[in-house]
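Reader: I have a model open and would love to talk it through with you. Could you take my questions one at a time?

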Amino acid sequence: MTASAYRPVILQVLPSLDAGGVERGALEMVEAIAQAGGRALVASAEGRLVPRVEYLGGRHISLRLGDKSPLGILRNARRLMALIATEGVTLVHARSRAPAWAARLACRSTKTHFVTTWHGVHHEKFPGKKTYNSVLASGERVIAISDYIAQRLSRDYGVGSDRLRVIPRGADTRHFNPALVRGDRIQNLAEAWNVAADQAVILMPGRLTEWKGQALTLDALAIMARENWTDRNWVCVFVGDGARDNAFAERLGAKAASLGLTNRVRFGGHCSDMAAALALAEVAVVPSLRPEPFGRVVVEAQAMARPVIVAAHGAAMETVTHGETGLLFPPGNARAFAEMLAGTLSATPEQRAAMGEHARQNVLAHYTTATMQRATLAVYDEILRSQFVETWDATLSGDAGNHTNIGVDARENVATPAFTTQIVPGQVY
């Protein structure tokens, strides 16, 4: 059966389309489904990313699927049943728990195929929480975004190898490419963030929330400044949205002032040009206090050939090889974090460039958006016996410049950075 005769309809369901890894993953699959000859639908509440759905070849259906109450889930299940019937949906792909519960009920009633992706950590601290989480382990195929998440799904939720598929997130190397970022884009951010020409930028991307580690970063910066471990002129820029009440952002500002860092810190808010932000940076840091299920900002920084300093737990242990593609420090250890920051700033440009290039080559080989898209299309093909991958490959064969790094080891001969032994002061984790 040809792709033109059979156009599977894939419906993705999630709470909203505002910002975050879940939302970006959905958009990336809208693009891939459309390129592979399918129809891509997304059902969610409104958000700033809704216009991107149609731009990428899909269609958005406005449904508030984030209601966690039993009655709300039942109402949304009925709405999804109607949508499945009206649009001839072939497969529903759920990416979040409340929408997944509604989708599972709808799929069972309509005998529609059901796939889930487990994106988050999803704790089990409260009674009933494991049951609530379990819907994301109930798909015909269950996609884990890292080996770290796959191990948990297998151990705690009994997902066998027959259903479990590990598909890491990735960086879109069409955008996160240092050769393609113009100087004016970098300059615009430097001016917006009041960064002087001689200042080395430490960039911390991430939503302003306690577990992401902004407060720990301030502690590490204060130690580095107090101990006078580097003579570089530096500034740290925190990039990311804050909570609606902004209380945590206010506490961070007060903490920075109490540590004497007011002139060394910028709060940049939402940034729509992260490639330029990373190009401006000399080092990117991801000091999360809890294990990251994947940590897309790590591979985006690596794709931009920037050294990364990352807390050593969760999926960071998969994407960062200490001393080669980045640096790892013990989670929560501000002093070790400070030592690595100082060491990176004090390194030669050649050492930083070597580490950055090692990291970029590793991303090109293993962690691109294109690799993720193709692998997810293959999951759909498994279930539907469709030809998504074949059609996608054929569609992109004339656009190789955009998708050249699909599961290919792209390593080149790059000088070893030797960060571990030469430039990190003190004991290295």
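Reader: Lys 111 caught my eye; between which helix and which strand does its loop lie?
Author: Happy to start there, and please keep in mind that this is a predicted model. Lys 111 is not a glycine, yet its phi is positive, at about 55 degrees. As for its place, the loop that holds Lys 111 runs between helix H4 (97-110) and strand E5 (113-118).

Reader: Is Lys 111 buried or exposed, and what is its relative accessible area?
Author: The cut-off for calling a residue exposed is over 50% relative accessible area. Lys 111 passes that mark and counts as exposed, with a relative accessible area of 76%.

Reader: Thanks! Which residue that is not a glycine has a positive phi and lies in the loop between helix H8 (214-227) and strand E9 (234-239)?
Author: The loop in question joins helix H8 (214-227) to strand E9 (234-239). The residue there is exposed, with a relative accessible area of 60%. Its phi is about 55 degrees although it is not a glycine, and its name is Asn 228.

Reader: Let's move into strand E5. Is Thr 117 buried or exposed there, and at what relative accessible area?
Author: Thr 117 has its place in strand E5. A residue counts as buried when its relative accessible area is under 20%. Thr 117 meets that cut-off and is buried, with a relative accessible area of 1%.

Reader: Which side chain makes a polar contact with the side chain of Thr 117?
Author: Leaving out residues up to four places away in sequence, Thr 117 touches His 93, Ala 94, Arg 95, Leu 136, Ile 143 and Ile 145. A polar contact of 2.7 Å links the side chain of Thr 117 to that of His 93.

Reader: Leu 136 is on that list too. How far apart are the C-alpha atoms of Leu 136 and Ala 94?
Author: Leu 136 sits in the loop between helix H5 (129-133) and strand E6 (141-144), and it counts as buried at 0% relative accessibility. Its contacts beyond four places in sequence include Ala 94, Arg 95, Thr 117 and Trp 118. Leu 136 and Ala 94 are 42 residues apart along the chain, and their C-alpha atoms are separated by 7.7 Å.

Reader: And Pro 205: how far is its C-alpha atom from that of Gly 72?
Author: Pro 205 belongs to strand E8 (residues 200-205) and is buried, with a relative accessible area of 8%. Setting aside neighbours within four places in sequence, its contacts are Val 239, Met 274, Val 285 and Val 297. Gly 72 is not among those contacts; along the chain Pro 205 and Gly 72 are 133 residues apart, and the separation of their C-alpha atoms is 34 Å.

Reader: Which side chain has a polar atom 3.0 Å from the backbone nitrogen of Gly 72?
Author: The residue to look at is in the loop between strand E3 (59-62) and helix H3 (70-87). It counts as partly exposed, at 29% relative accessibility. The side chain whose polar atom lies 3.0 Å from the backbone nitrogen of Gly 72 is that of Ser 69.

Reader: Which backbone nitrogen lies 2.9 Å from a polar atom of the His 322 side chain?
Author: His 322 is placed in the loop between helix H12 (316-319) and strand E13 (327-329), and it is partly exposed at 23% relative accessibility. A polar atom of its side chain lies 2.9 Å from the backbone nitrogen of Leu 328.

Reader: Now for the whole protein. Why does its radius of gyration agree with a compact globule?
Author: The C-alpha trace spans about 65 × 50 × 40 Å along the principal axes, and the secondary structure comes to 17 helices and 13 strands. For 429 residues a compact globule would have a radius of gyration near 22 Å, and the protein agrees with this because its own value is 22 Å.

Reader: One last thing: how far apart are the centres of the positive and negative side chains?
Author: Of the 429 residues, 56% are buried, while the protein exposes about 17900 Å², with 50% of that supplied by carbon and sulfur atoms. There are 46 positive and 40 negative side chains, and the distance between the centres of the two sets is 8 Å.

Methods
Residues are numbered from 1 along each chain as its sequence is written. This is a predicted model: local features need pLDDT of at least 70, side-chain atom pairs count only at pLDDT 80 or more; totals for chains, interfaces and linings use all residues. Side-chain values use heavy atoms; hydrogens and water are left out. Helices (H or I, at least four residues) and strands (E, at least two) are DSSP runs, numbered from the N terminus. The radius of gyration is taken over C-alpha atoms; the globule rule is 2.2 Å times the number of residues to the power 0.38. Buried means under 20% relative accessible area, exposed over 50%, partly exposed in between (1.4 Å probe, protein chains only). Accessible areas come from the Shrake-Rupley method with a 1.4 Å probe; for residues, only the protein chains shown count as cover. Lys and Arg count as positive and Asp and Glu as negative; His and the chain ends are not counted. The place of a charge is taken as NZ of Lys, CZ of Arg, CG of Asp or CD of Glu. A polar contact is a pair of N or O atoms within 3.5 Å; within protein, one must be able to donate a hydrogen and the other to accept it, and residues adjacent in sequence count only if both atoms are side-chain atoms. Contact means heavy atoms within 4.5 Å.
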